[in-house]
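This briefing introduces a structure to a reader who has not met it before. Please view the sequence and the model together while reading the points below.

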Amino acid sequence: MRRAEGVLYVGKARNLRKRLGSYRVANPERLPRRIIRLLQQVRRIEWDECRSEEAARQREELLICVLTPRFNAAGKVWPRRPGELRRNRSAVDAARATSC
């Protein structure tokens, strides 16, 4: 989910239609304020289709690490193995160029 200044949130879903549908009918009395703020700031939604659940998980981790979205928990995912993900310019370029 994006706004004019950058990425707000990176996530994955098996059923994107169902996931986005749950946000469309968001009830401010039931959802946390954090989610309501996120929904108010979204201007565009982009997605990548991955060939497997594992590829989707890896893509999500890479994008969270590189883009540091504001609404992701703690803003980052820690690597599972040392050196798996690194924050540097080449990683940013690779994340933009890589597709699942």
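In this predicted model, Arg 59 and Asp 48 are joined through their side chains by a salt bridge, with N and O 2.9 Å apart. The pair links distant parts of the chain, since Arg 59 belongs to helix α3 whereas Asp 48 sits in the loop between α2 (33–41) and α3, eleven residues away. The two partners also differ in exposure: Arg 59 counts as buried at 11% relative accessibility, while Asp 48 is partly exposed at 42%.

**Salt bridges around Glu 53**

- The structure contains six salt bridges, and Lys 12, Arg 14 and Glu 53 are linked in a network of such bridges.
- Lys 12 pairs with Glu 53, and their closest N and O atoms are 2.5 Å apart.
- Lys 12 lies in the loop between β2 (6–7) and α1 (16–24) and Glu 53 lies in helix α3 (residues 53–67), so this bridge ties together parts that are 41 residues apart in sequence.
- Glu 53 also forms a salt bridge with Arg 14, at 3.4 Å from N to O.
- This second pair links distant parts of the chain as well, with Glu 53 in helix α3 and Arg 14 in the loop between β2 and α1, 39 residues apart.
- Within the network, Lys 12 is partly exposed, with a relative accessible area of 31%.
- Glu 53 is likewise partly exposed, at 36%.
- Arg 14, by contrast, counts as exposed because its relative accessibility of 77% is over the 50% limit.

**Helix α3**

- Helix α3 has 15 residues and spans 21 Å from its first C-alpha to its last, close to the 21 Å expected at 1.5 Å a residue.
- The helix is mostly covered, as eleven of its 15 residues are buried.
- Among these buried residues are the charged-bridge partner Arg 59 and also Ala 55, Ala 56, Leu 62, Leu 63, Ile 64 and Val 66.
- Arg 57, Glu 60, Glu 61 and Cys 65 are also included among the buried residues of α3.
- Just after the helix, Thr 68 adopts a positive phi of about 40 degrees.

**Asn 72 and its surroundings**

- Asn 72 is placed in the loop between α3 and α4.
- Asn 72 counts as buried because its relative accessibility of 9% is under the 20% limit.
- The side chain of Asn 72 reaches the backbone oxygen of Val 10 at 2.7 Å.
- Leaving aside neighbours within four places in sequence, Asn 72 is in contact with Leu 8, Tyr 9, Val 10, Arg 34 and Ile 64.
- One of these contacts, Ile 64, is itself a buried residue of α3.

**Confidence of the model**

- The protein chain has a mean pLDDT of 76, and 68% of its residues reach 70 or more.
- Among the elements of the chain, α3 has the highest mean pLDDT, at 89, and helix α4 (residues 89–97) the lowest, at 56.
- Over residues 84–88 the pLDDT stays under 50, and the model has ten contacts for this stretch beyond four places in sequence.

Terms used: Residues are numbered from 1 along each chain as its sequence is written. This is a predicted model: local features need pLDDT of at least 70, side-chain atom pairs count only at pLDDT 80 or more; totals for chains, interfaces and linings use all residues. Side-chain values use heavy atoms; hydrogens and water are left out. A salt bridge is a side-chain nitrogen of Lys or Arg within 4 Å of a carboxyl oxygen of Asp or Glu. Helices (H or I, at least four residues) and strands (E, at least two) are DSSP runs, numbered from the N terminus. Buried means under 20% relative accessible area, exposed over 50%, partly exposed in between (1.4 Å probe, protein chains only). The expected span of a helix is 1.5 Å times one less than its number of residues. pLDDT is the predictor's confidence in each residue, from 0 to 100. Contact means heavy atoms within 4.5 Å. A polar contact is a pair of N or O atoms within 3.5 Å; within protein, one must be able to donate a hydrogen and the other to accept it, and residues adjacent in sequence count only if both atoms are side-chain atoms.
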